[in-house]
Amino acid sequence: MPTQETVNVPRYHLSQRLVHWLMAVLVLLAIAIGTPLGVLGFEGAEAAFGSGPTDLLYISHKTIGVLLLGFITLRVMLRLVFGKPPYAVPLPALQRRLSRLVHALLYALLIVMPMLGWSATASGGFPINFFHWELPPILSRNPDLSEQLFFWHAVTAWSILGLVALHVAGAVYHWRIRRDGVMRRMSLLP
Ligand code: HEM
Ligand code: HEM
């Protein structure tokens, strides 16, 4: 007996699904690498001028962060072009509102997050590493401002993590309990 899980439900465009999963991996990686950097403290950001193990952490964190800024821009454009597919089984009003809110907040924070990282790093007088290049600082040196921006960079990271936890709980609920095809909308499986 085919369930909603196995029938042809409308899906996000393949490009939207690819970018969703690529960003999901990169966001978690950015947080996993960022956390030890936060522990090292603000002064440590200077280390990214060198080439030791700590520098590599800084360089990879900043590179992933800048990539995420590019991907979120692409993703917003894809969303404007392809929109959101209709649900195979209409969602109850509360779930619809809650999921819209969580998605909108995730989009907003994914735009704000790399901008905070870039401006905090620039105002700290530290390099904006992107692979082996250096991107332009978008703010002039101002250590007090930098410290505040890094504070908000950390607050935004934990907010993203909280929202992702809610988001994943919702996805698992639809996948295993409601079995209403919501997971298939974003799945890369055939
Ligand atoms: C195991 C992890 C994840 C699973 C299972 C998952 C699953 C899903 C599913 C099924 C949808 C479609 C929901 C719907 O159309 O109602 C979706 C949408 C979305 N996901 Fe995820 N996701 C995961 C991780 C993430 C992460 C880490 C982020 C961002 C940090 C994220 C951001 C989003 C956003 C913004 C949407 C809305 C897409 C749109 O309507 O344009 N997801 N996700
Ligand atoms: C979506 C993208 C990003 C995410 C999810 C992210 C996440 C994080 C996290 C979780 C921390 C640790 C915060 C703490 O506990 O203090 C952190 C620190 C840091 N991030 Fe990001 N980040 C992103 C983008 C960027 C970008 C684009 C840059 C710079 C170009 C950047 C530069 C830094 C630096 C230098 C630190 C260390 C701060 C310190 O020394 O206190 N981040 N990031």
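This report describes the predicted model of a protein chain and its two ligands.

## Basis of the description

The model is predicted, and local features are reported at pLDDT of at least 70, side-chain atom pairs at pLDDT 80 or more, while totals for chains, interfaces and linings use all residues. Residues are numbered from 1 along each chain as its sequence is written, chains are lettered from A and ligands numbered from 1 in the order in which they are written, and side-chain values use heavy atoms, without hydrogens and water.

## The chain as a whole

The chain contains 5 helices and 2 strands; helices (H or I, at least four residues) and strands (E, at least two) are DSSP runs numbered from the N terminus. Starting at the N terminus, the elements follow the order α-α-α-β-β-α-α. Along the principal axes, the C-alpha atoms fill a box of roughly 60 × 30 × 30 Å.

Of the 190 residues in the chain, 37% are buried; buried means under 20% relative accessible area, exposed over 50%, and partly exposed in between, with a 1.4 Å probe and protein chains only. Contacts are heavy atoms within 4.5 Å. Among contacts between residues at least 6 apart in sequence, 75% join residues at least 24 apart.

## The iron site of ligand 1

The iron atom of ligand 1 has H20 (NE2) and H167 (NE2) as its protein donors, lying 2.0 Å from it. H20 belongs to helix α1 (residues 14-40) and H167 to helix α4 (residues 143-178), so the pair ties together parts that are 147 residues apart in sequence. Donors are N, O and S atoms within 2.8 Å of the metal (3.2 Å for Na, K and Ca); water is not among the atoms, so sites may look incomplete. H20 counts as buried because its relative accessibility is 12%, whereas H167, at 26%, counts as partly exposed.

The site has 6 donor atoms with angles of 88 to 178 degrees among them, and it is octahedral. Six donors count as octahedral if opposite donors are over 155 degrees apart and all others between 65 and 115.

Ligand 1 is surrounded by 20 residues, the closest being H20, R79, Y87, Y107 and H167; a residue is near a molecule if one of its heavy atoms lies within 4 Å of it. Oxygen atoms of ligand 1 lie 2.5 Å from an N or O atom in the side chain of R79 and 2.9 Å from one in the side chain of R185. A polar side-chain atom of Y12 is 2.8 Å from an oxygen atom of ligand 1.

## The iron site of ligand 2

For the iron atom of ligand 2, the protein donors are H61 (NE2) and H153 (NE2), lying 2.0 Å from it. This pair links distant parts of the chain, with H61 in helix α2 (residues 53-82) and H153 in helix α4, 92 residues apart. Both H61 and H153 are buried. The site is octahedral, with angles of 86 to 179 degrees among its 6 donor atoms.

Around ligand 2 there are 25 residues, of which G34, G41, H61, M113 and H153 come nearest.

## Helix α3 and T121

Helix α3 has 31 residues and reaches 44 Å from its first C-alpha to its last, close to the 45 Å expected at 1.5 Å a residue; the expected span is 1.5 Å times one less than the number of residues. Just after α3, G125 takes a positive phi of about 85 degrees.

T121 is placed in helix α3 (residues 93-123) and counts as buried because its relative accessibility is 6%. Leaving aside neighbours within four places in sequence, T121 is in contact with K62, F126, P127, I128 and F150.

Key: Tetrahedral: all angles 85-135°; square planar, octahedral: opposite > 155°, others 65-115°. Polar contact = N/O pair within 3.5 Å; in protein donor to acceptor, adjacent residues only side chain to side chain.
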